[in-house]
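Open the model in your viewer and switch to a cartoon view. This tour goes stop by stop: what to select, then what is there.

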Amino acid sequence: MALLPYLEANRIEAGCDEVGRGCLAGPVVAAAVILPADYENPWINDSKKLGKYQREELIEEIKYKSLDWAIAEATVAEIDQINILNASFLAMSRAIEMLKIKPEHLLIDGNRWRSKLEYSYSCIIKGDGKFASIAAASILAKVHRDQMMEDLANSFPHYGWESNVGYPTKTHREGIQKHGISPWHRKSFQLLPRQLDLGLK
């Protein structure tokens, strides 16, 4: 079933989503997408429900057919300084600010939103499975972030980032335990279970 094209007709809506909140390493990445009101693609869905190759095939379509799109991030240092929730809001705010077309309303994935930007907005729980623009944003953000972590795995090969992209898998935690942390690890996170904590925080 195709996702909804808009919340309210006849206004410019930007769908916004982020990826990487649950990761132990790497930035949090967000995207904002403005789709045409008549946009339809039955393959557009929550990025977590799509395979890697499906997401990568949809990227060019989203970039080509959207009215506007932008990708932004909040750094590991910012995550450690202001916490992951606020860093997620910051990354989304940056993506929205980068849009050349100014939206009239924001569709935010999740149950809360905080920003200095003065846009009207709707928070939509599991919005990436309901609205095409939010799903498109989730796909852009995930492909961008996954590629970044796969590239970083070449320089930091001990953590399995080429497959776990920074999430807390067994391989990732074993790498931390054996080799310590990298500059890309979030020091404000519990990187190892308490019984294995090596004083990394």
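The tour starts at the sheet and ends at a pair of helices.

**The sheet.** Keep in mind that this is a predicted model. Select the strands. Five of them form an open sheet in the order 3-2-1-4-5, and the pairing is mixed. Look at the edges next: strand 3 (68-74) and strand 5 (121-124) each pair on one side only. From one strand to the next, the twist averages 20 degrees.

**Strands 2 and 3.** Select residues 28-34, which are strand 2, together with strand 3. The two run antiparallel, joined by seven bridges. For one pair to zoom in on, pick Ala31: its bridge partner in strand 3 is Ile71.

**Helix 3.** Now add residues 84-98. This is helix 3, and it packs on the sheet. Which strands does helix 3 touch? Strand 1 (13-19), strand 2, strand 3 and strand 4 (105-109). Sight along strand 3: the direction of helix 3 makes about 145 degrees with that of strand 3.

**Helices 1 and 4.** Hide the sheet. Select residues 52-65 for helix 1 and 132-155 for helix 4. They pack at an angle of about 120 degrees, and their axes are 9 Å apart. That angle makes helix 1 oblique to helix 4. Their crossing is left-handed.

Show side chains at this contact. Helix 1 brings Lys52, Arg55, Glu56, Leu58, Ile59, Ile62 and Lys63. Helix 4 brings Ala136, Ile139, Leu140, Lys142, Val143, Asp146 and Glu150. Color them by type: seven are nonpolar, seven are charged and none is polar.

Notes
Residues numbered from 1 in each chain as written. Predicted model: local features only at pLDDT ≥ 70, side-chain atom pairs only at ≥ 80, totals over all residues. Heavy atoms only, no water. Axes fitted to C-alpha atoms, helices over the stretch in contact; angles between N-to-C directions. Helix = DSSP H or I, 4+ residues; strand = E, 2+ residues; numbered from the N terminus. Parallel < 35°, antiparallel > 145°, perpendicular 65-115°, else oblique. Left-handed = near helix turned anticlockwise from the far one by under 90°. Contact = heavy atoms within 4.5 Å. Nonpolar A, V, L, I, M, F, W, Y, C, P; charged D, E, K, R; others polar. Pairing = 2+ DSSP bridges.
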